Structure formats: C-alpha cells, structure tokens
Amino acid sequence: MKITLDADKCCAAGQCVLVAPEVFDQRDEDGIVVLLDAEPPADQHEAVREAAAICPAAVIEVHE
C-alpha cells in the first residue's frame, strides 16, 4: 500500500488522525494533514482505508 494526499484541499477535520494516528497527523498551526508513513505496515491498512473513506475533503488516495 502507498498513500498520497492533496494537502491543499484538506479542510482540517482531523478524522484521519482519529482513525489512523500512526499514519496521519495534523500541523499545529492550521490542522492540515501531515502524512507520517506513506507506505504503512499491513496492520495499518484497514485504518488507512477507513480514513480515506471518511475524509470529508477526499484528500487521501490509497494505491494498492
């Protein structure tokens, strides 16, 4: 799995961080998503898929 994201479209809702905190974080100054691991281990894949599905701005892309 590889993750890409379009931070320019991020609305800083933070849902990705709540679902997959090992993979996503938010910048302190504005809450915009930060990708911590572009190729997460298998045990994080389900959480990453969920984060992508619930992202209100649809900025997370999962490539499998």
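Buried means under 20% relative accessible area, exposed means over 50%, and partly exposed lies in between, with a 1.4 Å probe and protein chains only. By that rule Q44, at 15% relative accessibility, counts as buried. The model in the viewer is predicted, so local features need pLDDT of at least 70, side-chain atom pairs count only at pLDDT 80 or more, and totals for chains, interfaces and linings use all residues. Residues are numbered from 1 along each chain as its sequence is written, and side-chain values use heavy atoms, with hydrogens and water left out.

**Stop 1: Q44 and H45**

Select Q44, which is found in the loop between β3 and α2. Helices (H or I, at least four residues) and strands (E, at least two) are DSSP runs, numbered from the N terminus. Q44 touches E22 and V23, not counting residues up to four places away in sequence; contact means heavy atoms within 4.5 Å.

Select H45 next, which is found in helix α2. H45 is buried, with a relative accessible area of 15%. Apart from neighbours within four places in sequence, H45 is in contact with M1 and P40.

**Stop 2: the two sides of helix α2**

Extend the selection to residues 45–54, the span of helix α2, where the buried residues are H45, A47, V48, A51 and A52. These residues cover an arc of only 160° around the axis, which puts them on the same side of α2; the arc is that of the directions from the helix axis to the C-beta atoms. An α-helix has 3.6 residues a turn, so residues three or four places apart point the same way. On the other side of α2, E46 and A53 are exposed.

Now display what the buried residues of α2 pack against: β1 (2–5), α1 (15–19), β2 (24–26) and β4 (60–63).

**Stop 3: I60 in strand β4**

From helix α2, move to I60, which lies in strand β4. I60 is buried, with a relative accessible area of 8%. Not counting residues up to four places away in sequence, I60 touches I3, T4, L5, C16, F24, A51, A52 and C55. A C-alpha to C-alpha distance can also be drawn here: I60 and D8 are 11 Å apart in space and 52 residues apart in sequence.

**Stop 4: the cavity**

Select C10, A13, G14, C16 and C55, which lie nearest the centre of the largest cavity, among the 17 residues that line it. A cavity is found on a 1 Å grid over the protein atoms alone, as a set of points where a 1.4 Å probe fits but cannot get out, and its lining residues have an atom within 4 Å of a point. The count comes to one cavity of 30 Å³ or more, and the largest cavity has a volume of about 110 Å³. Grid points are joined across faces, edges and corners, and a volume is the space filled by probe spheres set on the points.

By class, the lining has 13 nonpolar, four polar and no charged residues. Here Ala, Val, Leu, Ile, Met, Phe, Trp, Tyr, Cys and Pro count as nonpolar, Asp, Glu, Lys and Arg as charged, and the others, Gly among them, as polar.

**Stop 5: cysteine sulfurs**

Keep C10 and C55 selected and add C11. How many disulfides are there? The count is zero, a disulfide being a pair of cysteine sulfur atoms within 2.5 Å. For C10, the closest cysteine sulfur is in C11, at 5.9 Å, which is too far for a bond. For C55, the closest cysteine sulfur is also in C11, at 6.3 Å, again too far for a bond. C10 is buried, with a relative accessible area of 17%, and C55, at 17% relative accessibility, counts as buried as well.

**Stop 6: loop residues**

Select A12, placed in the loop between β1 and α1. A12 is partly exposed at 27% relative accessibility. The phi of A12 is near 65°, a positive value in a residue other than glycine.

R27 can be added to the view: A12 and R27 are 15 residues apart in sequence and 9.1 Å apart in space, C-alpha to C-alpha. R27 is in the loop between β2 and β3 (33–35) and, at 35% relative accessibility, counts as partly exposed. Leaving aside neighbours within four places in sequence, R27 is in contact with I32 and V34.

Finish at A58, in the loop between α2 and β4. Is A58 buried or exposed? A58 is exposed, with a relative accessible area of 59%. Although A58 is not a glycine, its phi is positive, at about 55°.

Key
1 Å grid on protein atoms, 1.4 Å probe; cavity = no way out; pocket = protein on both sides within 12 Å on 5 of 7 lines; lining within 4 Å.
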